[in-house]
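Student: Before we discuss this one, could you show me the sequence and the structure?

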Amino acid sequence: MAASLQLNFKPLKPRLLHAKPASKTAPKFSSIRCSAATPSKSYTLTLLPGDGIGPEVISVAKNALQLVGSLEGIEFKFKEMPMGGAALDLTGVPLPEETLSAAKESDAVLLGAIGGYKWDNNEKHLKPETGLLQLRAGLQVFANLRPATVLPQLVDASTLKKEVAEGVDLMVVRELTGGIYFGKPRGFGKNENGEETGFNTEVYAANEIDRIARVAFETARKRRGKLCSVDKANVLERRVDEECDGGGGRRRRRGKRTMVVAEKKRTENNANMLTFSVIEWLVLQTQCGEGDVCIHFMLFLIFPIGQSTTNVNLLIECAALLCDNGQASMLWRKIVTNIASEFPDVELSHMYVDNAAMQLVRNPKQFDTIVTNNIFGDILSDEASMITGSIGMLPSASLGASGPGLFEPIHGSAPDIAGQDKANPLATVLSAAMLLKYGLGEEKAAQRIEAAVLDALDRGYRTGDIYSTGLKLVGCKEMGEEVLKSIDSKVAAAV
Ligand code: NAD
């Protein structure tokens with residue numbers, strides 16, 4: 001029996017449902033498929049296939065949408081637009097105005113993935129990733145919902161022990177349009193020694209925290225009623241020029257930035273030496289303006305140096321300092337705590353990000369809904385995704401207060417497997433299910449897709465990223481076909 005994906009709750013708010021009068025021309029569907037009567041609803045969906053495996057996975061998701069639409073009496077009008085590297089090649093910019101306009105005018109947007117080696121050395125404003133940030137900003141989607149659910153069929157694909165991974169079902173609600181990725185001032189400068197510096201600013205306005213907190217409380221309320229707010233609010237409680245715990249680094253305030261200076265002479269053992277080397281590297285990266293990259297790097301270093309909790313904490317604390325996260329985190333905690341009184345049915349807890357990163361691999365089942373800022377959410381949701389076994393399985397939804405939502409798999413364009421029919425399309429298919437549920441309020445159609453994905457997995461079909469011995473290895477297209485068959489067979493079974 002297929003397990004539930006546990007994504008099944010109603011849209012967060014009554015979003016614009018955009019139901020339109022029935023089209024005079026019913027869409028044509030394959031004759032082998034079941035089809036319902038004349039569509040009673042019509043939606044315009046903007047498809048942004050993007051780059052790499054994007055077009056391959058979008059094609060599968062489009063077929064699934066068309067089929068469930070035919071079964072549910074929903075007409076989908078698809079508008080395919082260029083985005084990312086594809087748009088750069090075609091128009092010279094990563095997000096053409098026409099693409100943004102089409103997205104804004106539609107009922108929901110489904111994105112494949114963007115990026116690739118070809119554009120890696122472009123100037124920042126001409127990178128595919130810039131187009132994605134512009135799209136999120138243009139659609140004013142500030143709440144990023146990323147479920148991480150360990151499916152029983154894929155529990156062995158998890159990097160964690162079976163008993164730790166089994167039954168994990170959590171949702172990360174990440175703030176998407178504020179924080180250090182957008183904060184000002186940012187840039188390059190020089191310090192008093194004439195050295196080059198780079199700096200970014202973590203900044204949140206009260207209303208930005210308020211609105212994401214409300215989305216998170218609503219989300220938790222419709223799940224298991226537990227919300228964990230993740231921040232780094234302890235940092236501010238210390239003077240910026242005092243020494244880090246663990247005897248490791250010294251922080252000095254320089255203008256609006258906090259610097260960490262590693263002091264190798266204070267090292268007492270090899271683990272500390274390694275920690276300080278890493279901190280030095282982090283500082284170097286920050287001075288090069290790569291602060292967010294260094295935080296990502298930091299998480300992957302937790303395990304090699306993780307024998308000493310002190311070192312891990314020190315490392316994360318220092319990295320958090322580099323982001324100047326303290327004040328923004330204090331405000332974050334204050335506002336989230338205040339809002340909690342409006343949601344007495346939701347149990348609120350707070351956790352520092354360093355602890356959350358560890359708890360996610362130690363005991364992920366303790367989490368139901370996590371709410372956090374942009375950069376912490378970026379990192380923690382990637383970490384949570386690995387618990388589920390493959391990045392190729394994970395969907396996401398980005399929602400605003402009104403207007404179309406943006407739905408996309410969390411993976412990138414996977415240039416290493418692009419064009420080889422090796423991509424796992426299920427993250428995009430499940431993103432289409434989220435689109436139906438959160439974007440259009442079409443709960444039943446969404447459930448059809450989710451059930452079909454589980455059914456295809458139950459029948460043993462696997463793409464390379466989730467394959468294990470004894471199962472049926474298929475490519476992207478064939479996996480898509482199997483999902484379609486499952487959608488059809490579920491209908492037959494229900495009749
Ligand atoms: P990636 O997610 O593209 O790939 C990481 C690894 O996972 C690769 O080995 C890839 O083959 C594999 N993988 C990813 N999706 C898969 C799928 N559906 N099925 C099977 N395997 C899959 O991350 P990356 O390699 O760091 O980035 C590649 C490009 O994608 C970069 O240009 C990056 O900027 C971009 N990117 C885009 C997005 C987005 O569009 N939202 C997100 C992340 C990265």
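Tutor: An oxygen atom of the ligand is 2.7 Å from a polar backbone atom of A414. This is a predicted model, in which local features need pLDDT of at least 70 and side-chain atom pairs count only at pLDDT 80 or more, while totals for chains, interfaces and linings use all residues. Residues are numbered from 1 along each chain as its sequence is written, and side-chain values use heavy atoms, with hydrogens and water left out.

Student: What makes the pair of a ligand oxygen atom and A414 a polar contact?

Tutor: A polar contact is a pair of N or O atoms within 3.5 Å; within protein, one must be able to donate a hydrogen and the other to accept it, and residues adjacent in sequence count only if both atoms are side-chain atoms. The 2.7 Å between the ligand oxygen and the polar backbone atom of A414 meets that distance limit. A polar side-chain atom of E129 also qualifies, at 2.3 Å from a ligand oxygen.

Student: Which residues are closest to the ligand?

Tutor: The closest are E129, G412, A414, D416 and N424, out of 20 that surround the ligand, where near means that a heavy atom lies within 4 Å.

Student: Why is C228 called buried?

Tutor: Buried means under 20% relative accessible area, exposed over 50%, partly exposed in between (1.4 Å probe, protein chains only). C228 has 6%, so C228 is buried. C476, at 1%, is therefore buried too.

Student: How many disulfides are there?

Tutor: The count is zero, a disulfide being a pair of cysteine sulfur atoms within 2.5 Å.

Student: With which residues is F407 in contact?

Tutor: Contact means heavy atoms within 4.5 Å. Leaving aside neighbours within four places in sequence, the partners of F407 include L110, M434 and Y438.
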